[in-house]
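Trainee: I am new to this structure. Can we go through it in short steps?
Mentor: Yes. Here it is.

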Amino acid sequence: MSKLPKHNKFLDLSDYGRPIAKIIANALKNTSLTPVHVTIAFVISGLIAIACIFKTYYFAAAFFLILKSILDAADGELARVKNTPSYTGRYLDSISDIILNLLLFLTICYISDGAITYTLLAFFGLQLQGTLYNYYYVILRNKHNGDTTSRIFENDVPTALKGEKQRNVTILFKVYKLCYGVFDKLIYHLDKDAVTANNLPRWFMTIISGFGLGFQLLLIAIMLMLNLLPYIIPFFIAYSFLILVFIGIRRLINP
């Protein structure tokens with residue numbers, strides 16, 4: 001199932017890896033490899049990127065960050081071509097992302113001799129950015145009968161889908177809530193009315209997709225290649241102020 005019907009699709013700046021992800025998914029369609037295997041692969045790619053930053057191999061780090069983004073899209077794409085959607089994969093993907101993001105920012109802090117307070121603030125901002133984008137995106141998907149393994153409100157343990165164990169879903173859901181609950185609640189309280197918004201135009205979703213993880217990692221990769229590592233932390237702190245700007249635009253669109 002596609003994330004959105006064709007007539008509701010928008011240019012997703014964070015989803016630049018989708019064409020290659022589709023090639024990977026189609027190549028794996030008739031194999032024994034599962035979306036979870038691809039998720040593990042993107043975790044490995046992310047860890048290699050972090051190791052490369054430690055060694056100051058910034059071009060290599062940039063490559064593996066981009067590869068991580070591509071594989072991050074490929075696991076969901078493989079679930080769609082195999083018609084095996086799962087909450088296990090959805091939560092494992094998100095949990096892996098937040099752990100890798102934290103390790104990435106802590107590594108940048110260490111290499112740049114930065115302040116841990118600012119690093120954690122930048123990490124918090126990064127996660128809030130992604131949460132705002134996902135919040136609007138899931139609202140749009142639910143309104144237009146797109147992929148619904150992601151829910152607007154992650155309050156209750158979902159019922160396991162065919163092929164997955166309820167115990168695994170329950171455990172991963174609880175870990176997911178621990179990792180993301182504070183971000184979900186904060187974004188919801190900042191823009192409660194978005195849930196009933198009748199209009200989330202494609203141009204707006206394209207702009208807000210600049211908060212998607214793929215685009216965030218692309219920005220980090222570019223800054224690494226330009227030898228701007230010390231500026232990554234302050235950049236994402238400043239970038240977070242756009243959250244209020246985008247919420248303001250959303251309210252103007254749907255008064």
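Mentor: Start with a cysteine: the sulfur of C109 is 19 Å from the closest cysteine sulfur, in C52, which is too far for a bond. Keep in mind that this is a predicted model.

Trainee: How many disulfides does the structure hold?
Mentor: A disulfide needs two cysteine sulfur atoms within 2.5 Å. For C109, the closest cysteine sulfur is 19 Å away, so no bond forms there. Over the structure, the number of disulfides is 0.

Trainee: Is C109 buried or exposed?
Mentor: Buried means under 20% relative accessible area. C109 has 8%, so C109 is buried.

Trainee: Now the charges. What is the N to O distance between K68 and D97?
Mentor: Side chains of opposite charge can pair when their charged atoms come close. K68 lies in helix α3 (residues 58-81) and D97 in helix α4, 29 residues apart, so the pair links distant parts of the chain. K68 is buried at 3% relative accessible area, and D97 is buried at 8%. Their salt bridge has its closest N and O atoms apart by 2.5 Å.

Trainee: Which residue forms a salt bridge with R90?
Mentor: R90 lies in helix α4, and its partner sits in the loop between α5 and α6, so the pair ties together parts 64 residues apart in sequence. R90 is buried at 14% relative accessible area. The partner is buried too, at 4%. With the closest N and O atoms 3.1 Å apart, that partner is E154.

Trainee: Which residues are linked in a network of salt bridges?
Mentor: Begin with R80 and E77, whose side chains meet at 3.8 Å, N to O. Both lie in helix α3, 3 residues apart, about one turn of the helix. Both are buried. The network consists of D15, R18, E77 and R80.

Trainee: On to the rings. Are Y176 and Y180 stacked or edge-to-face?
Mentor: A pair of aromatic rings is described by the distance of the centres and the angle of the planes. Y176 and Y180 are 4 residues apart in helix α6 (residues 166-190), so about one helical turn separates them. Planes under 30 degrees apart count as stacked. Here the centres are 4.8 Å apart and the planes at 25°, so the pair is stacked.

Trainee: What angle lies between the planes of F236 and Y239?
Mentor: F236 and Y239 are 3 residues apart in helix α9 (residues 232-239). F236 is buried at 0% relative accessible area, and Y239 is buried at 14%. The pair is edge-to-face, with 6.1 Å from centre to centre and a plane angle of 80°.

Trainee: Which residue lies over the face of Y137?
Mentor: A charge counts as over a ring when, among other conditions, it is within 6 Å of the ring centre. Here the distance from the ring centre is 5.0 Å, and the residue is R141.

Trainee: Last, the surface. Which element gives the largest share of the nonpolar patch?
Mentor: The patch is formed by L47, I99, L102, L103, L106, I116 and L120, with about 540 Å² of accessible area together. Two elements give two or more residues each: α4 (87-112) and α5 (116-143). I99, one of the patch residues, is partly exposed at 45% relative accessible area. The largest share, 4 residues, comes from α4.

Key
Residues are numbered from 1 along each chain as its sequence is written. This is a predicted model: local features need pLDDT of at least 70, side-chain atom pairs count only at pLDDT 80 or more; totals for chains, interfaces and linings use all residues. Side-chain values use heavy atoms; hydrogens and water are left out. Patches are made of residues with over 30% relative accessible area and no salt bridge: like charges are joined within 9 Å, nonpolar side chains (Val, Leu, Ile, Met, Phe, Trp, Tyr) within 5 Å. Accessible areas come from the Shrake-Rupley method with a 1.4 Å probe; for residues, only the protein chains shown count as cover. A salt bridge is a side-chain nitrogen of Lys or Arg within 4 Å of a carboxyl oxygen of Asp or Glu. Buried means under 20% relative accessible area, exposed over 50%, partly exposed in between (1.4 Å probe, protein chains only). Rings of Phe, Tyr and Trp (its six-membered ring) pair if their centres lie within 6.5 Å; planes under 30 degrees apart count as stacked, over 60 as edge-to-face and the rest as tilted. A charge sits over a ring if NZ of Lys or CZ of Arg is within 6 Å of the ring centre and within 35 degrees of the ring normal.
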